[in-house]
Structure formats: structure tokens, C-alpha cells
Amino acid sequence: MDVEVACFFAEQAKMAGLLTEIAAVLAVAERGHKTESLGYFDTSDWRLYQKGLALVHTKGLLSLKGADGMALCSIKSSKKLKFFCTDVPAGELRERLAPLIEVRALLAQFTLSRVCQVYHICNSDGKTVVRLQHVAEQAVGAGRTAEFPPLLVVEMLRGYARPYEKVCALAGKYGLIATDRRPGAVGLALEGLGFDHEQLISGFTIQLVSGIRVGEAFAAIGQELAKTMTANLAGVLADIDSEFLHDFRVALRRTRSLMSLLKGEMADDLSHFQAEFKWLFTVSGSLRDLDVYLLEQEQYSAMLPESLQSGLKFFFAELSRERKKARRKLKKDLSSDRFTRLIADWQAFLTALPARPADDLGGQDCRQVAERLIRRRHKQILKKGTRITGDSPPEALHELRIATKKFRYLIEFFRSLLAAEAVDGYLGHLKKLQNNLGQYNDLAVQQNMLAGYRYSLQESGRRQLETASALGGLIVHLAAEQGLVRARFDKAYEQFASQETIDLLAAVFTHGSPSTAKRETAEDENTGDLQ
Amino acid sequence: MKILAIYSSKGGVGKTATAVNLAYTAALAGQRVLLCDMDSQGAASYYFRIKPKKKFNSHKLLQGDFGKYIRESDYSGLDLLPAHFSFRNLDLALNELGEKERRRALSRLFAPLAEDYDALLLDCPPNLTLLSENILIAADIIVTPVVPTTLSLLALEQLLRLCKKVDADHRKIRAFFSMVEQRKTMHRTVMEKYQKFAMFQKTSIPFLAEVEKMGVYRQPVGAVYPASPAAKNYLQLWMEIWPEEQK
């Protein structure tokens, strides 16, 4: 049953007069006031808010509320500033949060303080027929405070519509303005505190203008990626959760790909930046790798029998220690002059990229260049892939994986210049092959890391023996899994190389270039030497 | 939704106090409760300070057109369908219905309420009419207060006979000793003799001044004296009666 409620903007100063007006017709009883303090939790990318949910802590209770403000489930909890899904005891709350939150941290984003003055309007029998609340709210967060205009909340009691309507009419007559606002409006709190809750840091999108030149596109993409890196930097330094470094490195990886993919089309010398971004990629790698392994702890534990669990624990304790070291080192590197200069120089470079003449490097029509590069890389992938047999060494698959990754980035960069829907469909197909190659590579890397670690174990104490056994057990398991993944490669590749998928790629180009139709027939005869 | 009829063919045994206080306890425990005052005397309605709307009457009730006459009490989660003076003719109205209909009319009427309520409590008039038969058939649980005297036991026997007549399962009956005065020998004797029967709840409600005064302060006892023995007794009684799986 929904509660019928009407809200009005009502400054404190007006309340006394309004209550006197009401008292002339019905009895008004003051029922005291209540103070509430509600702590709102969400990830830094507002995942719960995006889904219309709110995670609120008040009076020792942590509740997940739906869009209508009703609690979906609650647990007892002490006050916290930050926690993960894994910190929530097993149960309905954890089950609801896990798929939305994943590995991100839930942070205390802001607090809503509320003071309610409660009044009951009674009839001649002393029965409450309308409930009034004068609500003053304030949101505090991100070092700011936002005060909200006080509201008068008029609540109807079922079966007592007439007195409710009467009170609402009196409020209107007294000059109060009705509003759709309700107490506890999270969106308004976020706005008031200046949170950018519209941001979605997932995937990469950029709208390039039709007719854009290569150099301009390069600058636009580079700047968008630099924005993402900067946006995640604070989170990395504060070590809020592992996703910040992950997102930072993804943007970094794309930036490096941007340079390697387009350097042949640009007139400018990118070598300095290529070297510096490579440095950045290397120094940020150790911490990321350790994060990934630490996230695997439960899965690894599930792979081993009871007898090897203690060895695994030693291993992860060691990894945790290493992680602390890696984090300190990265913090230093990201606070260094070298890093600060790189970001500043890169930004300056992109902003000052000169416009090139239409026929020169950097000045060509981006759409045409994109098509040429995509088709070329596509051919290269087909060439590499077809050569792979059951006997091919792991390096061949590794190379193919790198090629498909760059290929994907290329298409994503220029999606806005191509047939967007076809692009999405095509990338869906490409993803299947990429997943297979990615899994294979992950398993290889994991085995290498574990084997290397095992090899480096010095001394032969009990602890080392147990650890070595556990790692041995993991390596066996991972090797078996890798075998299965390898066996699935042929099918995955076949699908990618099928006529159906190739036709899909062609469909991608049916947008933008007016000479596309002509070009397609020309391509058939051309061996592609123009490239 | 579970339907609980608070019923006794004998008046003055604490039926309405039970209905009001159990309804309040249930709402406090988080159930969505509707208390239907079926007794034209309207005592339960009086305790809640709720009068029926002018247009309400027994005719509207039997037509199923009573949703808009339900009124919210002062207590969260507790609504009341107030009694109306015309309810004294409910028997006659039910008698007008066909043979198959006349005993099942209330069951049908109450079914749609399951959407909004977890517990439907019926405060019943103290008699043995067609209305009573309807109530016994519609109810999932029949809560019957028994003052530990010989006459009260006679009334209990009448209830059992009525259940048999309308083919209502006597295991629905949850009897409990009401208005108990330990200093009275008869009370002690009767309780000793009959407490062991499965039908009787372990909890009994003593005669308490606070309960008697409900008509003065016009609130459930738990609202005025939340920590009192009276409030605790009713909570205990509710815990015994309310089905295990619903808790």
C-alpha cells in the first residue's frame, strides 16, 4: 500500500502561522521532534545510484533501499568509512550487492542529517487524522555542505481523505508552494554537493566529427584517454580499490596503442612519449599483477585439496607483503617529477598539434585512413591465425592476441566515424576470439609466475615445503585448464574467420565515406599495396 | 494472510481487549494488520477512536464494497474496519443468500484483502448465529478467551458443537484463560484441570487494571504501558498463536 503524501516548501518562520490556521479547524498536537543521521554508501562510480538503489547506514543498521525508499534488506552493522562486498556477512544483502559492486570499494560518500518536527492533527475524538512533519535536511560530503529548503510533509491516514485535503488546501491558501520533492532525495543531495554522478567510467567512447583529420582525431582521443588517467589517479594514490589502477592502465594501454597504430600517419615525432608511457606502464605493472593474484585467492583455494591450503595461505601472506612494497613504490613514482612532467607535456603536445595540409601526413581524412588501417590489420590477423596449428608454439598465440587487441582498439577509436551498430555487432564476434586468446595467455602467465616463485623459494623449512607443494598443485590445475582452452582455439578462430564475420566487418564501412561503394570493388582487385 | 477470529459465545470474557491488544502486538511485530470490528456494539472501534464513515453499512460490507471504509489507526501497520450499527442485521442479510453461499460469504469477501494485509483479526459478537458460522468457517485460527469458571467451559462446549455443525476443524481453536484471578480457588481448580488440553495455550491473561482501563485512555494497553506485565502477556500470547512459519 502506498502512503499518500503531499510536500510543500515551508520555511520555519511560516510554520507557526500555518499551525494556527489549522488549529482553528482541527486540533493540532505537537509530538516532539526526531533527529536522524543517515550515511550513504556507494562506489566511486556510483553503481548503486545508477541502478536507483541507496545503501544507507543509520542507528546501527545498514539497509539497501529501492527507488521508492523502501528497505529491501538490512543487517546490523557498526559505522564504517569504507568496505567491500566481502566484508558483508553472507546473506541477502551481500547477494544483492555482489553482482553490482564486484571488486569496488563502498565508500561513505555523504551524510544526510535530518531534523523532523512532528505534529498530529486530531479530530474531536482525539483520533489522529493527518500527520505533519516539518523536515529540515542537510547533506555533508566531499568537504562540502548543502542545505535544503525545509519541507512540510503532509501524510494522509487511510480512510481520512477529507481532513488531509483540508490541510493541503490550508497550506496552499497560506502561500506554501507544493513540490514533488521528498525528504531523502539522493539525486538532489549529490547535485547539491557537486558530485558528478552522471559519470560512467566504463568502456571507451568518443564522438569524432565527420570529416575530421587524422591529427585532430589523434589529439581528441589522446586527450580523452588522458582525462580518464587523471580521473583515476587520486583513487590509485589513495588505494581505494583495485579498479582505479586497472582503469588507469587500460587508458594507458590505449594511449600507447594510439601512438603505435597511428605513428605512420602522423608527421610528428612521438618517440619521446612512447618511451615515457612505456616507463609508466612498466612501473605500474607490478602492483596491478599483485592485485590480480590477490583477487584470485578464493579461486585458487578452490582448486586445491585441504592438505595444501596452509601452503597457499603462506603464499598469499607473502604476496600481501609484496603488494605493500609495490604500492609504496608506485606512489613514489606517481608523485615524481618525471610523471608530473609527462602528463603536463603530453597535454601541451596534444593541444598544440598543428593542423596539417589535406594531402600530408596528419592532414588526411581520418575516416579513410581508419578504413585503410582496419582492413590492413584484419588481413594481417587472418594471415597469422590461419597459420596456427595444434603444434604451434605459445608465442604464435601470444602474437595473435596482441594483434587482435590492437585491432579492437583501432575500431573502438573510430567507431563514431563508422556504422556504429555494425561495429558493436562485429566487436561482439571479435570478443569471442579475444576471450579465448586472453584466457590462454592468463593461464600461461599465472603458471610462469607461480613456477618462478616456487623456484625462488630459498631455505627448506616446513613453510617453504608447504608453499612449494601448494604452488605445484596450482600449476598442475592451471596447466590442465590451459590445455582445455587451447583445444577451443580452433573453433573460436574458425568463427572469426568465417564469411559471416568478414561480411560483418564490411558492413562497418557502409557509413561516412561517399565513395565506399566504389572502393569496395576496387579493393577486390587491389592487393593493398597502397598501404 | 491468516484470518484470526476472536470469538466466544459468552460476553464479558475479554474478547475485545484481546482483539485490540493482539492486533496492536502483531503490528508492532511487523505484520500488516487489519482488525475488523464485526460487533455492532463497536467496542474495538471505540478503543481506537475510529467511527465508521456515514455511508458505511452492513449492505456495503456484504457486497464487498468496504475497501474505502477501512481507516488507519494511530499505530503503524494497523488498520481498522469499524463496526456499524446496521451490523446487528448481518444474520438476516446472510440468510437471504443461497444455501451454498450463506455460510461462505465472509470467506469470499475477505479474500482480496490478502494483497494488503498479513493478518486479519475479527472481533466477533458474542452469539451463535449465521454470522458466527460464517466466521468459524472463514477463520484459519479461532482465538477464544475462557474465564476459568464452569459457565465459561459450557460456552467452550457450545463452540465445539457449532464447529462440528458447520464442519469446521476444531483444531483451529486456540483457547486461553482470560481475566484470571489467582486468588480465586475456582479459577485455580479449573485451570489445573483443563490447562493440559492441547487446545489451551500455555499463556493466560490475568485480570489487570490497565486492561480494564482501556476504555478510559482509548488506546491498546501496549501503547500506554509498553513495559507492563499486560503488554508482555499479550506478546507472549501472540507468539504462541501466530503460526511458526510466518514469524
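# Strands, helices and cores in a two-chain predicted model

In chain A, strand E2 (residues 27-42) is joined by three bridges to strand E3, and the two run antiparallel. This is a predicted model, in which local features need pLDDT of at least 70, side-chain atom pairs count only at pLDDT 80 or more, and totals for chains, interfaces and linings use all residues. Residues are numbered from 1 along each chain as its sequence is written, chains are lettered from A and ligands numbered from 1 in the order in which they are written, and side-chain values use heavy atoms, with hydrogens and water left out. Helices (H or I, at least four residues) and strands (E, at least two) are DSSP runs, numbered from the N terminus. Two strands pair if DSSP finds at least two bridges between them.

## Strand E3 of chain A

On the E2(A) side, A:Phe41 stands opposite A:Leu55 of E3(A). E3(A) also pairs with strand E4 (residues 61-65) of chain A, antiparallel, over five bridges. There, A:Ala54 has A:Lys65 of E4(A) as its bridge partner. E3(A) and E4(A) form a hairpin with two residues between them, and A:Lys59 in the turn has a positive phi of about 50°.

Buried means under 20% relative accessible area, exposed means over 50%, and partly exposed is in between (1.4 Å probe, protein chains only). Five of the five residues of E3(A), residues 54-58, are buried, so the strand is largely enclosed by the rest of the structure. A:Ala54, A:Val56 and A:Thr58 point one way from E3(A), while A:Leu55 and A:His57 point the other way.

## Nonpolar cores

In soluble globular proteins, nonpolar side chains tend to be buried together. A nonpolar core is here a set of buried Ala, Val, Leu, Ile, Met, Phe, Trp, Tyr and Cys residues joined through side-chain atoms within 4.5 Å. The largest such core has 98 residues, of which A:Phe218, A:Phe248, A:Leu280 and A:Phe414 touch the most other members. Helix H14 (residues 420-456) of chain A gives the largest share of this core, 11 residues. Apart from it lies another core, of 61 residues, among them A:Val129, B:Leu22, B:Ala27 and B:Leu121.

Contact means heavy atoms within 4.5 Å. Not counting residues up to four places away in sequence, A:Phe414 touches A:Leu208, A:Ala217, A:Ile221, A:Leu262, A:Cys366 and A:Ala370.

A:Leu450 lies in helix H14 of chain A and is buried, with a relative accessible area of 0%. With residues up to four places away in sequence again left out, A:Leu450 touches A:Tyr300, A:Phe315, A:Leu471, A:Leu474, A:Ile475 and A:Leu478. A:Arg488 is 38 residues from A:Leu450 along the chain, and their C-alpha atoms are separated by 24 Å.

## Two positive phi angles

Most residues other than glycine have a negative phi. The table gives two residues that are not glycine and have a positive phi.

| Residue | Phi | Place | Relative accessible area |
|---|---|---|---|
| A:Ala142 | about 55° | loop between strand E8 (128-141) and strand E9 (144-147) of chain A | 46%, partly exposed |
| B:Met179 | about 55° | strand E7 (residues 173-180) of chain B | 26%, partly exposed |

## Chain B

Chain B has 12 helices and eight strands. With 247 residues, a compact globule would have a radius of gyration near 18 Å, and the 17 Å of chain B agrees. The radius is taken over C-alpha atoms, and the globule rule is 2.2 Å times the number of residues to the power 0.38. Along the principal axes, the C-alpha atoms of chain B fill a box of roughly 50 × 40 × 35 Å. Of the 247 residues in chain B, 54% are buried.

The eight strands form an open sheet of mixed pairing, in the order E3-E4-E2-E5-E1-E6-E7-E8 (chain B). Its edge strands are E3 (71-72) and E8 (205-206) of chain B, each of which pairs on one side only. E3(B) is joined by two bridges to strand E4 (residues 78-81) of chain B, and these run antiparallel. In this pair, B:Glu72 stands opposite B:Asp79 of E4(B).

Helix H12 (residues 229-241) of chain B has buried residues B:Ala230, B:Ala231, B:Asn233, B:Tyr234, B:Leu237, B:Trp238 and B:Ile241. They cover an arc of only 160° around the axis (from the directions from the helix axis to the C-beta atoms), which puts them on the same side of H12(B). The face turned away from this buried side carries the exposed residues B:Pro229 and B:Lys232.

Definitions and conventions: Expected span 1.5 Å × (residues − 1).
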